[in-house]
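Dear colleague,

Please find below the structure that I am handing over to you. My findings follow directly after it.

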Amino acid sequence: MKRFKILPAILFLPLLATTSLASAQPAASTPAPSKTERSCHLPGVVEALRCVSVDVPLDYAKPQGAPLKLHVTVAPAYRQGTRSDPLFVLAGGPGQAGSDVLPLLKLAFDRVRATRDIVFIDQRGTGRSGKLDCESKPEHERMTDDELMAELRACIANNKQPLAAYTTANAARDLEQVRRALGYRQVNLWGGSYGTRLGQAYARAYPDSVRSLVLDGVAAPDQVIPAGGRDGQAALDGLFDACTKDAACNKAYPKLRAEFDALVQKVEAGDVHLSLPNPRTAEPTEFTMSSQRFLGTVHNILYAPADARRLPFLIHSASRGRWEPFVARQNLAGDFGNDASMSMLLHFAVVCAEDVPRFTPELMKSDAAVLARPLAEMIPKLCQDIRVPAVPYVAPSRIEAPTLLLSGALDPVTPPHRAATAAKSMAHAQHVVVANAGHGVSQLGCAPRLLRAFLDRPQDKLDAACMAEVPAPTFQLGSAGPQP
């Protein structure tokens with residue numbers, strides 16, 4: 001997905017969203033929000049869907065003020081009328097829109113859709129809900145980090161929207177307006193990454209509206225972005241250990257850790273000057289590989305195990321001066337052929353209000369790790385330009401609705417210990433850890449069947465033994481690709 005190259009590892013990061021919303025519930029006599037509907041075709045899905053526009057207040061403290069049109073995509077159940085409780089889908093980021101993850105209809109939710117509507121919600125400030133973004137340009141590939149930072153700051157300065165209105169609390173209020181506008185009595189929630197934080201916030205604010213939750217890549221209530229150094233480093237160390245234990249990988253890359261450490265030192269010293277063909281124009285492009293680009297790409301690669309198993313090959317090739325494979329992988333983050341992209345201003349509006357105020361010097365010191373260092377240094381500086389008021393942290397109240405927590409053991413941003421912490425404030429939680437999964441479980445192996453089983457009977461104990469069959473990907477040992 002298209003992103004600023006200076007921020008190559010931000011996508012799908014979760015963050016804190018535990019603002020108190022108890023006073024936000026509308027009176028029963030309040031009229032349902034107005035909406036308009038039409039049939040639509042959206043990227044990622046062949047069939048026609050229902051596109052709904054729901055009017056919500058931009059500022060809930062001024063309900064009669066300027067409205068915001070929230071985009072909702074509804075995939076009707078195959079067998080309509082069998083289940084009245086839909087599945088609301090909350091994407092990651094913050095900054096990703098529900099309409100960006102429509103391929104999950106087939107990858108994860110096809111069985112669920114047999115009897116339930118699947119409702120994808122573009123969070124305020126994302127996608128078709130008044131996207132707050134900064135334009136990406138092809139010349140970013142050869143810009144320095146300082147130039148990219150200056151451009152991002154210019155985008156922030158030119159923004160006209162009240163960023164203080166784009167909080168997780170207001171996004172949770174929006175979900176309740178969508179539920180009422182569409183006429184559902186109760187809903188089930190599926191959240192991925194940051195969407196798990198938003199889902200928990202909604203369940204705490206409107207407990208009577210939530211039947212069950214499925215949280216994939218779970219962010220704990222006390223989790224702070226960008227304090228992810230230890231989790232990212234653990235995933236990288238685990239990959240290096242796995243390569244050492246794999247005979248073929250260890251033979252191909254016997255000095256993998258030393259090669260990585262040497263590359264980190266070289267890029268930090270500014271000693272990696274490259275001249276490579278532009279992937280779009282084939283013209284020579286000269287640039288310096290920076291720590292932000294290098295470490296951000298490495299962190300991003302760790303999200304998916306199949307991708308991570310290519311990392312030893314990329315590191316080894318770069319250590320020998322052949323940077324083309326690494327840069328080719330890095331360029332995937334800036335694919336301008338994909339219209340779906342993170343809403344960067346929305347991301348910073350949320351993080352700067354809800355996380356950075358709690359990113360204390362003590363936490364910075366305890367969480368210090370090489371992978372997270374660029375973001376840990378950069379984000380607080382950008383928040384000085386965003387200038388949104390801090391959202392006070394509120395200790396999480398108990399969630400009574402049955403909850404299924406899904407974790408990948410190899411996840412570099414929301415590993416299983418985050419879900420275990422979240423489960424402490426849940427009355428009825430089941431936690432499934434998948435040994436060979438990374439950041440995202442719902443589309444793997446038998447998970448789509450398990451989602452249907454849980455949503456049909458969320459009070460029952462789920463037999464998830466079949467998730468042990470998800471295989472570990474093989475390592476890439478050469479230019480031809482991963483081993484068979």
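Which residue in S3 is the bridge partner of Arg50? The partner is Val74. Please bear in mind throughout that this is a predicted model.

The sheet as a whole

The pairing just mentioned belongs to an open sheet built from nine strands. Their order is S1-S2-S3-S5-S4-S6-S7-S10-S11, and the pairing within the sheet is mixed. The edges are occupied by S1 and by S11, which covers residues 429-434. Each of these two has a single partner strand, so one side of S1 and one side of S11 have no neighbour in the sheet. From one strand to the next, the twist averages 20 degrees.

From S1 to S5

Beginning at the S1 edge, strand S1 (residues 35-40) is joined to S2 in the antiparallel sense, over six bridges. Within this pairing, Cys40 lies opposite Leu49 of S2. Strand S2 itself spans residues 49-57 and is mostly covered, with seven of its nine residues buried.

On the next step across the sheet, S2 pairs with strand S3 (residues 67-75), again in the antiparallel sense, and here there are eight bridges. Besides the partnership of Arg50 with Val74, Val54 has Leu70 in S3 as its bridge partner. S3 is also mostly covered, and seven of its nine residues are buried.

S3 then pairs with strand S5, residues 118-121, through four bridges in the antiparallel sense. Val74 appears once more at this point, since its bridge partner in S5 is Val119. Val74 is thus bridged to Arg50 as well as to Val119.

Further along the sheet

Strand S4 (residues 87-90) and strand S6 (residues 187-192) run parallel and are joined by four bridges. In this pair, the bridge partner of Leu90 is Gly191 in S6.

A helix also lies across this part of the sheet. Helix H16, residues 447-456, lies across S4, S6, S7 (210-216), S10 (403-408) and S11. The angle at which H16 runs to S7 is about 155 degrees.

A helix pair

Two packed helices are described by the angle between their axes and the distance between the axes. For helix H3 (residues 168-182) and helix H4 (residues 194-205), the axes come within 9 Å and cross at roughly 70 degrees. H3 is therefore roughly perpendicular to H4. The crossing of the two helices is right-handed.

On the H3 side, the contact is made by Thr168, Ala171, Ala172, Leu175, Glu176 and Arg179. H4 contributes Tyr194, Leu198, Ala201 and Tyr202. By character, the residues of this contact divide into seven nonpolar, one polar and two charged.

The segment before S1

Finally, I would draw your attention to Pro31, which is found in the segment before S1. Is Pro31 buried or exposed? Its relative accessible area is 65%, and Pro31 is therefore exposed. Pro31 and Arg180 are 149 residues apart in sequence, yet their C-alpha atoms are 8.9 Å apart in space.

With kind regards

Methods: Residues numbered from 1 in each chain as written. Predicted model: local features only at pLDDT ≥ 70, side-chain atom pairs only at ≥ 80, totals over all residues. Heavy atoms only, no water. Buried < 20%, exposed > 50% of the residue type's maximum accessible area, 1.4 Å probe, protein only. Pairing = 2+ DSSP bridges. Axes fitted to C-alpha atoms, helices over the stretch in contact; angles between N-to-C directions. Parallel < 35°, antiparallel > 145°, perpendicular 65-115°, else oblique. Left-handed = near helix turned anticlockwise from the far one by under 90°. Contact = heavy atoms within 4.5 Å. Nonpolar A, V, L, I, M, F, W, Y, C, P; charged D, E, K, R; others polar.
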